[in-house]
Amino acid sequence: MAEIKFQVYNKSSEAKKAPATRRSKGHRFTNKCAALVKEQRARIYILRRCATMLLCWVQFTCQLLLLYVSMGNVGIL
């Protein structure tokens, strides 16, 4: 016949540690995901600022070029 074994847990030590371990693993995963999201948002923000500056620079140089052409100072460039 098969033997049935029962495992006895100490309520004061082991019962409290098991759920806390599972919770801390969940928090680590959540914190890691939150950190990755924050980093990606920062990168997107920097890229957006660079793209805006580049577009403004191109627009400014086009306006400056049109100003020079309208004044007849094309030889300066």
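## Exercises on a one-helix chain

Glu 39 is partly exposed, with a relative accessible area of 37%. That residue opens the first of four short exercises on this predicted model.

**Exercise 1. Find the partner of Glu 39 in a salt bridge, and say where the two residues lie.**

Step 1. Start with the charged atoms: Glu 39 forms a salt bridge with Arg 43, and their closest N and O atoms are 2.8 Å apart. This distance fits the cut-off, which asks for a side-chain nitrogen of Lys or Arg within 4 Å of a carboxyl oxygen of Asp or Glu.

Step 2. Now place the pair. Both Glu 39 and Arg 43 belong to helix H1, and four residues, about one turn of the helix, separate them.

Step 3. Check the surroundings of the partner: Arg 43 has a relative accessible area of 46%, so it counts as partly exposed.

Step 4. Look at the side chains once more. A polar contact of 2.8 Å also joins Arg 43 and Glu 39. As for the total, the structure holds one salt bridge.

**Exercise 2. Describe the nonpolar surface patch that includes Leu 67.**

Step 1. List the members: Phe 60, Leu 64, Leu 67 and Met 71 make up the patch. Together they offer about 390 Å² of accessible area.

Step 2. Locate Leu 67, which sits in helix H1, spanning residues 14-71.

Step 3. Test Leu 67 against the patch rule. Residues in a patch need over 30% relative accessible area, and Leu 67, at 44%, is partly exposed.

**Exercise 3. Work out how many disulfides the structure has, and whether Cys 56 and Cys 62 are buried or partly exposed.**

Step 1. Recall what to look for: a disulfide is a covalent bond between the sulfur atoms of two cysteines.

Step 2. Search the whole structure, and the result is zero disulfides.

Step 3. Turn to accessibility. Cys 56 has a relative value of 44% and is partly exposed; Cys 62, with 43%, is partly exposed too.

**Exercise 4. Summarise the fold and the surface of the chain.**

Step 1. Count the secondary structure elements: there is one helix, and there are zero strands.

Step 2. Consider burial. Buried means under 20% relative accessible area, and 0% of the 77 residues in the chain count as buried.

Step 3. Finish with the surface, where the accessible area of the chain comes to about 7800 Å². Carbon and sulfur atoms account for 66% of that area.

Conventions: Residues numbered from 1 in each chain as written. Predicted model: local features only at pLDDT ≥ 70, side-chain atom pairs only at ≥ 80, totals over all residues. Heavy atoms only, no water. Patch = residues over 30% accessible without salt bridge, like charges linked within 9 Å, V, L, I, M, F, W, Y side chains within 5 Å. Areas by Shrake-Rupley, 256 points an atom, 1.4 Å probe, with all protein chains shown as cover. Buried < 20%, exposed > 50% of the residue type's maximum accessible area, 1.4 Å probe, protein only. Disulfide = S-S within 2.5 Å. Polar contact = N/O pair within 3.5 Å; in protein donor to acceptor, adjacent residues only side chain to side chain.
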